[in-house]
Amino acid sequence: MSDFPDSASTVPAQAPSRAPAPPRRRTALRHRLAELRGADVPAQPLDARALAALAANPGCGRRALLDGAGVDKTALARSLGSPSGFGQSQFAFMRGNAFEARVKADGGAELLRLTHGRLGGGPEPVPGESAVPELAAAGPEGRAARTALALREATESGGWTLLDHPMLALDVAGTLAFLEPDAVVVHPDGGWTVVEIKSFPMIDGSADAAKVGAAARQAAVYALALERVAERLDPAPPVRHHVLLVCPKDFSNLPTASAIDVRKQLSVTRRQLARLARVEDLAAELPEGVTFDVRRPAAELTASVEAVPATYAPECLSACELAFHCRARAREEGEVTSLGRAIRGELGGLTTVSAVLAAAGVGSEGVGGGDPGDPAVAALRRAAVLRAEALAGGGALGGSSC
C-alpha cells in the first residue's frame, strides 16, 4: 500500500527545468544536510505523502528543510514535547497489504481487467499473457533505472504490462526524492497509468471525498514523476491524466475501481513544487550550531527548529508531524494563520490577532486602529458594531420576564 489514504492526453508544455547542480556542489549539500540531521543518523526518504504535503504548503521553509535533510519528524516532535497524533494502525496496515495482494494476484489479472474496463487503451487483457517485469536492483537509484528500462521495453512491446511497486525519481528543491507507487500499467497503445490501491471502501460506486482527494493528490505526485521518465523517451509516451483508484467494493473484500481525473492536482503540484525554496538556500541561512539531531536536549532542538521559518495552517494537523508544535507557537505569537488560510486571506495586512482586535475596536478603550480606508478594517469595524448590537439585544431579551 502507498503512504497516503484526495483518457490519455498530451502532457502540457512545461517551463524548462532547473539545470542540475554540479557534482561537487551536490556532495557539499549532502554533507551539510547530514550535519543538520546528525552525522550518523540515517536519512528519512522523501515519499509521495511528504511531497503532497509540501505542495499543499509550499511557503513552509521548516518542512522543506527538514524533509530535504531527511529528518525523522515523528522523533523530532517527540523530542520537542509535541508528539504527532496521526498515523496508520497496525491492523489497517495489515488489512491494506492483504487487499493489495489480492488485487495483484495471478499476475495482476484482476487489476488489468479493471484498468481496461475503466480506461481502455487496447484489446482486453488475456489472463497469463500480460508481462510483470522484475524490478529488483541495488539501491533506489538502481531500482529507478531498472524501472525506466522496464517502462521503455513495455511501451515497445505493444502489450499489457504491470509494473508492481516501481521506483520513480523526482528532483524536489535540489533534493532527489524516490517514489514508489502501488503500480503502473502500460497499455498496448503505449499509454502509462498510475494505480493507487486503497483499503477504504467504495460504496455504491463512490468513496469518502476527503480520502479520494488525498489519494488524487498523492497520485498526481507519482504521475509527475512518471512524466519525467516519459520525457527521456523519443517519442515520449503519454502519461494518462486519469489514475486508477482501486478500493474494496461495498463491505466486501472484492476490488472495484474508478478513474480519477488528476489534471487539477497535477497542475497545482507542478506549480507548488516549482515555488519551493531550494533546500541549499535554506540551509545556508541557518546560524552556526543548528542541529536537528533528536538526541540533543529539547531546549537546543527547540531553538534549532525555531531558527527555520514556518507557515502554519490548520490543514497541517492532518499532514505534518510537527503541526502541534507549530500550532502552539503560532498561537503564542497570535498569528492569524492559526485560524485558517481563508481568514488570513480576508484580513490582508492584519497578520496578528491583536492587530485584528485593535482594528475592530475591541481594545480596552474601544478605539479602532488600522487604516479606515482598508476594506478589511472597515469590515471588522462593521462586524464589531453588529456584534455589540446583537449582544445588547440578547441582554434585553434575557432580562425580560414572560
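This is a short talk on the fold of one protein, from a predicted model.

Hi everyone, and thanks for coming. Please keep in mind throughout that we are looking at a prediction.

Let me start with the overall picture. The protein has 402 residues, and 44% of them count as buried. Its secondary structure comes to 15 helices and seven strands. About 20000 Å² of the protein is exposed, with 56% of that supplied by carbon and sulfur atoms.

Now to the sheet. Five strands make an open sheet, and if you walk across it you meet S1, S4, S5, S6 and S7 in that order, with mixed pairing. The edges are strand S1, residues 161-164, and strand S7, residues 255-261, each of which pairs on one side only. From one strand to the next, the twist averages 25°. As a reminder, strands of a sheet pair through backbone hydrogen bonds, either parallel or antiparallel.

Let's zoom in on the S7 edge. Strand S6, residues 242-248, pairs with S7 in the antiparallel sense over seven bridges. If you want to find the register on your screen, Val246 has Ala257 in S7 as its bridge partner, and Val243 stands opposite Ile260 in S7. S6 and S7 form a hairpin, with six residues between them.

What packs on this sheet? Helix H7, residues 139-157, does, touching S1, strand S4 (183-186) and strand S5 (192-197). The direction of H7 makes about 170° with that of S1. Helix H8, residues 209-231, also packs on the sheet, and its contacts are with S4, S5, S6 and S7. For H8, the angle is about 145° with the direction of S5.

Another helix I'd like you to look at is H6, residues 105-119. From first C-alpha to last, its 15 residues reach 20 Å, close to the 21 Å expected at 1.5 Å a residue. H6 does bend, by about 25° at Leu112. Leu112 is also one of the buried residues of H6, along with Gly108, Leu111, Leu114, Thr115 and Leu119. And what covers those buried residues? The cover includes helix H5 (90-103) and the strands S1, S4, S5, S6 and S7. Just after H6 comes Gly120, with a positive phi near 65°.

Next, a few loop residues, beginning with some backbone geometry. Most residues other than glycine have a negative phi, and most peptide bonds are trans. With that in mind, take Asp204, in the loop between S5 and H8. Asp204 is not a glycine, yet its phi is positive, about 55°. Is Asp204 buried or exposed? It is exposed, because its relative accessible area is 73% and the cut-off for exposed is over 50%.

Asp250 sits in the loop between S6 and S7, and it too has a positive phi, near 50°. At 26% relative accessibility, though, Asp250 counts as partly exposed.

For the peptide bonds, have a look at the step from Asp234 to Pro235: it is cis, with omega near 0°. Pro235 belongs to the loop between H8 and S6.

I'll finish with one more aspartate, Asp182, in the loop between strand S3 (175-179) and S4. Its relative accessibility is 0%, so Asp182 counts as buried. Asp182 and Val194 are 12 residues apart in sequence, and their C-alpha atoms are 8.1 Å apart in space.

That's my tour, so thank you for listening!

Methods
Residues are numbered from 1 along each chain as its sequence is written. This is a predicted model: local features need pLDDT of at least 70, side-chain atom pairs count only at pLDDT 80 or more; totals for chains, interfaces and linings use all residues. Side-chain values use heavy atoms; hydrogens and water are left out. Helices (H or I, at least four residues) and strands (E, at least two) are DSSP runs, numbered from the N terminus. Buried means under 20% relative accessible area, exposed over 50%, partly exposed in between (1.4 Å probe, protein chains only). Accessible areas come from the Shrake-Rupley method with a 1.4 Å probe; for residues, only the protein chains shown count as cover. Two strands pair if DSSP finds at least two bridges between them. Axes are lines fitted to C-alpha atoms, for helices over the stretch in contact, and angles run from 0 to 180 degrees between N-to-C directions. Contact means heavy atoms within 4.5 Å. The expected span of a helix is 1.5 Å times one less than its number of residues. The bend at a residue is the angle between axes fitted to the seven residues ending there and the seven starting there.
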